[in-house]
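Me: Could you take a close look at the aromatic side chains in this one for me, and then walk outward to whatever sits around them? A connected read is what I'm after.

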Amino acid sequence: MPDISVNRISSGQPYSTWTGLIYVFNLIVGTGALTLPAVFDRAGWALGLSLICVLAVISYITVTFVIETMASANAIVQWKRLQQMKRALQAESLDEDSAEDTPLFSPDSVERFPPQSHRYYVIQEKIEMGQMASLFFNRLGRSLFFICIVIYLYGDLSIYAAAVAKSLMEVACSYNSSSTSILQPDTDVCWEDVDLTRIGAYRMFLGVFLATLGPFAFFDVQKTKYLQMFSTILRQLAFAIMIITAIRDLIVDGPKGHPQAADVMGVPELFGACVYSFMCHHSLPALVSPIADKSRLFSSLALDYLLIAMFYLLLSLTGVFAFAQVSDLYTLDFSQRWQGNKAFIVPRYFLALFPVFTLSTSFPIVAITLRNNLKSLFLTEGRHYRWCFRKVFFPLMAVIPPVLVAMATKNLEILVGVTGSYAGAGIQYLIPAFLVLNARKRTLEVIGMGVKNDFESPFKGKGWVIFVVIWAVACIILVSVNFIKSFLW
């Protein structure tokens, strides 16, 4: 795998701390939260509440690890750039026909290299996680990093495809099943007098989804600012409708759901969904670097995580007590609730199609990110490859496998659980822990102990890093054992 060169990348147009925190909040609180009520219901309300709080704290710890590593990467890049400038000035001075007692650097040139330590540890340049992996990992570490990122993105796209196709199926299929279950069987027909089952319609919509959005993986498509704003407004409006409706039902009609307090068999899906729902680590360089005032960055992010954890608990607790059964895609519960009620036809279809609107705008961006990471993983820099291999093979490899996975299963609990429990745990726990550990060692060798990192994590002891690694490994083992038990039983 080729090394990723660390170039001087602009951090973008600066914005305020509050704007940055809103971006982080919107990134974390995405459609992954729609799977939380169902897994919360299976694991039990007490266990779910405890695990969400614990995972929020540990996720925040690893966020501080990533930010410290970002400052360390900026320091290494700054130090290398200053060394190159000093060598250039030294060579220029040696070429001059100067007297023997003339100083090598003039006072004016020395001022270009400020001695203050804080000039090194700044977060001014956007250095992505792949670039940080190139700086602080060896060849094996970089390979494992990219493999983890690729697996996570594949899982991401599978979840997107399944959620969109499932939402379209629920809206389009008009035949009412005689089943008493809130979810109709996949073998039921989609339309009366039409020989097409619900699972057949689901797969048909998957094909349409692939044909419509798959071609964008061949191009360089970027989200516009207005598209992001539109998607953010839709997301917050949908969550507000769901929470307010569930609270209203609890007050007026009383609780219909009676979840148990704890069930360890629900831990795998709950852990995966929680890890997936707190994920922002891979996008932190793009979100944090443009923040103009980073003096209170850690405390501000702590407030963000507190609000997000409270939001998740409110969404999940109201959902599991307001509904007798909870769908693995929470928006579908409201479609069933308002079915046949013409007064709620607008919010019903809005919530039912909410994943379609938001995920369809994200799918091409994630597919392009996956395509580029696949190229970085398999292509060797400087080597010539055929046009069809570079321009056709990798886009197809980015969009077809996730859709095939979604064809095999539309169970979002399984998809989110596997993606979050394994690749998500690697990105959120293991990679930040090993990055900060290697970054501290590297900066100590290059810059020295006398230079203080102003963005050093509050959890700076080596014991915290060891705790995160042990926690991640223990959780992965626990999840694997429970998955095996669930599969065998």
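Reply: A charge counts as sitting over a ring if NZ of Lys or CZ of Arg is within 6 Å of the ring centre and within 35 degrees of the ring normal. Arginine 348 does this with tyrosine 349, lying over the face of the ring at 5.1 Å from its centre. Bear in mind that this is a predicted model.

Now for the rings themselves. Searching the whole structure turns up 17 aromatic pairs. Take phenylalanine 278 and tyrosine 305: their ring centres are 6.0 Å apart and the planes meet at 15°, so this pair is stacked. The two come from distant parts of the chain, with phenylalanine 278 in the loop between helix 9 (267-277) and helix 10 (284-288), and tyrosine 305 in helix 11 (residues 297-322), 27 residues apart. Phenylalanine 278 counts as buried because its relative accessibility is 0%, and tyrosine 305 is buried too, at 4%.

Phenylalanine 323 and tyrosine 330 make an edge-to-face pair, 6.0 Å centre to centre with 85° between the planes. Phenylalanine 323 has 9% relative accessibility, so it counts as buried; tyrosine 330, at 0%, is buried as well.

Back to the stacked pair for a moment: Phe278 and Tyr305 both belong to one aromatic cluster, whose members also include Phe25, Tyr60, Phe239, Phe311 and Trp464.

Moving on to helix 6, we can start at its beginning. There, a side-chain oxygen of asparagine 138 comes to within 3.3 Å of the backbone nitrogen of leucine 140. The helix runs for 34 residues and spans 49 Å from first C-alpha to last, close to the 50 Å expected at 1.5 Å a residue. Most of helix 6 is covered, with 25 of its 34 residues buried. Aspartate 156 is found in this helix, and it counts as buried because its relative accessibility is 7%. Leaving aside residues up to four places away in sequence, aspartate 156 touches Tyr276, Val366 and Thr419.

What about the cysteines? The whole structure has 1 disulfide, formed by cysteine 173 and cysteine 190, with their sulfur atoms 2.0 Å apart. Both cysteines sit in the loop between helix 6 (139-172) and helix 7 (198-213), 17 residues apart. The torsion about their S-S bond is about -100°, so the disulfide is left-handed. Cysteine 173 and cysteine 190 are both buried.

Cysteine 53 is another story: the closest cysteine sulfur, in cysteine 274, is 9.7 Å from its own, which is too far for a bond, since a disulfide needs the two sulfur atoms within 2.5 Å. Cysteine 53 is partly exposed, at 33% relative accessibility, whereas cysteine 280 is buried, at 1%.

Finally, valine 54 lies in helix 3 (residues 45-95). Valine 54 is partly exposed, with a relative accessible area of 35%. In sequence, valine 54 and alanine 309 are 255 residues apart, yet their C-alpha atoms are 9.8 Å apart in space.

Methods: Residues numbered from 1 in each chain as written. Predicted model: local features only at pLDDT ≥ 70, side-chain atom pairs only at ≥ 80, totals over all residues. Heavy atoms only, no water. Helix = DSSP H or I, 4+ residues; strand = E, 2+ residues; numbered from the N terminus. Buried < 20%, exposed > 50% of the residue type's maximum accessible area, 1.4 Å probe, protein only. Contact = heavy atoms within 4.5 Å. Expected span 1.5 Å × (residues − 1). Polar contact = N/O pair within 3.5 Å; in protein donor to acceptor, adjacent residues only side chain to side chain. Phe/Tyr/Trp six-rings, centres within 6.5 Å; stacked < 30°, edge-to-face > 60°.
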